[in-house]
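Dear colleague,

I am passing on the structure we spoke about, with the sequence alongside. Please open both before you read on, since the notes below go through the model place by place.

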Amino acid sequence: MSTLFDLSFYVTVPFWALMIFAPTWRWTRTIISAPWIVLAPLVVWAIVAVPVLGAMWSLVSSPSLDAITEAVADPAVLTALWAQIIAWDLFLGRWIYLDSRERNIHPLLMGPLLVGTILLSPIAFPIYLLVREVARRSSAVPQASPVA
């Protein structure tokens, strides 16, 4: 189970590396534009989750802190949850990357934000939304015309 736990992240590393270290390379945008990149960790999720789907269904259909605490003691359930988190982070990072490229937000600013998305997406995402708003407002400010 430990191998699948690790694999759920490692299959996403090439995509994160492209977004962070080669954001302007023409192939990066082509690769990252494909929504299918999130399937890699979801395949790991499926391998792990199918055998424990009944237990996981109980968690989502009637959630409680005690039930979730007990369930994550099972390595298969915890690995499935981890793979789901990794897939979500990649999906969110993919959207942030594509949106930032459309808005011409500098890659040197986006690199740390994408790393933040890998580590703590609930913090990085609102920060990106603020950066996005600042970028929108600064592009909307009319430039003063030179006096002749």
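How much space lies in the largest pocket? In this model, which is predicted rather than determined by experiment, the largest pocket holds about 160 Å³ of space. Its lining is made up of Trp45, Leu53, Met56, Trp57, Leu59, Val60, Ile68, Leu81 and Gln84, and the elements that give two or more residues to that lining are helix 5 (53-61) and helix 7. Helix 5 provides the largest share, with 5 residues. Sorted by class, the lining of the largest pocket has 8 nonpolar residues and 1 polar residue, with no charged residues.

**The fold as a whole**

The protein has 8 helices and 0 strands, so that, read from the N terminus, its elements run α-α-α-α-α-α-α-α. The radius of gyration is 19 Å, which is well over the 15 Å that the globule rule gives for 148 residues, and the protein is therefore more spread out than a compact globule. Taken along the principal axes, the box filled by the C-alpha atoms is roughly 75 × 35 × 20 Å. Of the 148 residues in the protein, 33% are buried. When contacts between residues at least 6 apart in sequence are considered, 72% of them join residues at least 24 apart.

**Around the pocket lining**

Alanine 71 belongs to helix 6 (residues 65-71), and it counts as buried because its relative accessibility is 13%, under the 20% cut-off. Not counting residues up to four places away in sequence, alanine 71 touches Leu59 and Val77, and Leu59 is also one of the residues that line the largest pocket. Another residue of that lining is Met56; the C-alpha atoms of alanine 71 and methionine 56 are 8.0 Å apart in space, with their positions 15 residues apart in sequence.

**Two buried serines**

Serine 8 sits in helix 1 (residues 2-10) and is buried, with a relative accessible area of 0%. The side chain of serine 8 reaches the backbone oxygen of phenylalanine 5 at 2.6 Å. If its neighbours within four places in sequence are left aside, serine 8 is in contact with Pro41, Val44, Trp82, Ala83 and Ile86.

Serine 121, which is found in helix 8, also counts as buried, here at 9% relative accessibility. What does the side chain of serine 121 make a polar contact with? The partner is the side chain of aspartate 89, at 2.8 Å. Asp89 appears again among the contacts of serine 121 outside its neighbours within four places in sequence, together with Leu92, Gly116 and Pro126.

**Helix 7, helix 8 and the loop between them**

Glycine 93 lies in helix 7 (residues 75-102) and is buried, with a relative accessible area of 0%. Leaving aside neighbours within four places in sequence, glycine 93 is in contact with Trp16, Met19, Leu114 and Thr117. The C-alpha atoms of glycine 93 and isoleucine 32 are separated by 9.7 Å, although these two residues are 61 residues apart along the chain.

In the loop between helix 7 and helix 8 (107-140) lies asparagine 104. Is asparagine 104 buried or exposed? Asparagine 104 is exposed, because its relative accessible area of 65% is over the 50% cut-off. You may also wish to look at its backbone, where phi is near 55°, a positive value in a residue other than glycine.

Proline 107 is found in helix 8, and at 23% relative accessibility it counts as partly exposed. Outside its neighbours within four places in sequence, proline 107 is in contact with Pro23, Thr24 and Arg101. The C-alpha atoms of proline 107 and methionine 19 are 8.9 Å apart in space, while the two residues are 88 residues apart in sequence. Met19 is also among the contacts of glycine 93.

With best wishes

How values were computed
Residues are numbered from 1 along each chain as its sequence is written. This is a predicted model: local features need pLDDT of at least 70, side-chain atom pairs count only at pLDDT 80 or more; totals for chains, interfaces and linings use all residues. Side-chain values use heavy atoms; hydrogens and water are left out. Helices (H or I, at least four residues) and strands (E, at least two) are DSSP runs, numbered from the N terminus. Buried means under 20% relative accessible area, exposed over 50%, partly exposed in between (1.4 Å probe, protein chains only). A polar contact is a pair of N or O atoms within 3.5 Å; within protein, one must be able to donate a hydrogen and the other to accept it, and residues adjacent in sequence count only if both atoms are side-chain atoms. Contact means heavy atoms within 4.5 Å. On a 1 Å grid over the protein atoms alone, a cavity is a set of points where a 1.4 Å probe fits but cannot get out, and a pocket is an open set with protein on both sides within 12 Å along at least five of seven lines; lining residues have an atom within 4 Å of a point. Grid points are joined across faces, edges and corners, and a volume is the space filled by probe spheres set on the points. Ala, Val, Leu, Ile, Met, Phe, Trp, Tyr, Cys and Pro count as nonpolar, Asp, Glu, Lys and Arg as charged, and the others, Gly among them, as polar. The radius of gyration is taken over C-alpha atoms; the globule rule is 2.2 Å times the number of residues to the power 0.38.
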